[in-house]
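Open the model in your viewer and keep the selection box at hand. Each stop below gives you something to select and says what is there.

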Amino acid sequence: MKSLYRQNPAAVCVYFLCVLLPVMFGIDPVTAGTGLAAGLVLLFLLDPGLKPRGVWIYLLIPLFSMAVNPVFNHNGVTVLFFLNRNPVTREALLYGLVLGLVISAALVWSRCFTAVMDTDRLLYVTGRLSPKVSLVLSMALRYIPLCRRQAARIREARRAVGLTREDNAVDRLRSALSVFSGLVTWTLENGIVTADSMEARGYGSGCRSRYSLFPWTRGDTLLSALSAALFAAVLAARAAGKIGYVWYPVLVTPEAGPGGIAGYLAFCALCLTGIILEIKERRKWRSLRSEI
């Protein structure tokens with residue numbers, strides 16, 4: 001199999017979906033912690049220029065969640081202390097910590113997904129499901145950088161003719177509203193021009209053709225089958241009650257056994273699949289460059 005970026009976008013979506021589902025829908029410290037650690041490693045592999053200080057927020061979210069959850073959630077039977085006559089329980093603290101790990105892991109893997117899936121790849125997947133949704137999505141993604149550049153032009157033009165004043169907060173708000181008003185007008189006019197252009201080019205008048213830039217290979221089949229098999233193993237272990245925690249009113253941990261160990265190992269293997277692919281691709285490129 002090739003690196004994630006060189007895989008077919010559909011196979012990549014299957015892989016990330018199989019990783020995210022156990023993390024997001026199971027408040028489990030093992031899957032959440034494993035997913036967060038593996039996601040951070042994969043993120044640094046996908047973006048070598050990323051600095052460590054750029055991911056500090058993912059480590060602060062669990063601490064913040066652990067501190068905030070007991071303030072609003074007083075469930076649990078193990079009272080540690082009272083805060084303004086409200087009990088702070090061990091179960092609420094641990095649940096907040098694990099919930100923060102789940103949120104951080106989901107954000108990290110979502111960031112890895114955006115690093116692999118660019119606009120063309122995302123449209124390739126959505127175009128197979130719904131061509132109309134794909135068209136709307138492509139137009140929306142296209143307007144984001146266009147609106148940014150147009151807003152900068154409007155701001156510079158207003159500053160050049162002396163209409164921009166930023167002496168205080170009121171002036172800055174007025175200037176921002178004026179820029180926003182001009183941007184909305186430009187967007188509406190540009191939307192009409194785009195609609196007329198599409199109609200003139202005959203959009204919707206004939207059968208829709210399809211062109212694929214991403215062929216499906218044997219490596220894509222292997223990645224999809226491996227991801228589905230490992231996800232099925234995790235799902236089977238959770239359905240059988242071998243993995244999964246009960247937090248309220250009393251913390252109940254899963255019993256250590258072959259089923260639970262197999263389920264957790266399957267999830268670890270699922271997370272490590274992307275890391276192994278990226279490391280393998282890096283070694284291949286290093287070997288090829290050394291032979292030049």
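Start with Phe 16. Leaving aside residues up to four places away in sequence, Phe 16 touches Leu 4, Trp 109, Cys 112, Phe 113 and Val 116 (contact: heavy atoms within 4.5 Å).

A note on the source: this is a predicted model, where local features need pLDDT of at least 70, side-chain atom pairs count only at pLDDT 80 or more, and totals for chains, interfaces and linings use all residues. Residues are numbered from 1 along each chain as its sequence is written, and side-chain values use heavy atoms, with hydrogens and water left out.

Next, select Tyr 143, Ile 154, Val 179 and Leu 183. They are among the six residues of a second, separate core. A nonpolar core is a set of buried Ala, Val, Leu, Ile, Met, Phe, Trp, Tyr and Cys residues joined through side-chain atoms within 4.5 Å. Buried means under 20% relative accessible area, exposed over 50%, partly exposed in between (1.4 Å probe, protein chains only).

Now select residues 131-160, helix α6. Helices are DSSP runs of H or I, at least four residues; strands are runs of E, at least two; both are numbered from the N terminus. The buried residues of α6 include Tyr 143, Leu 146, Cys 147 and Ile 154. Measure end to end: the end C-alpha atoms are 43 Å apart, which agrees with the 44 Å that 30 residues should span at 1.5 Å a residue (1.5 Å times one less than the number of residues). Just after α6, Gly 162 takes a positive phi of about 80°.

Finish at Leu 83, in strand β1. Buried or exposed, or in between? Leu 83 counts as partly exposed because its relative accessibility is 43%.
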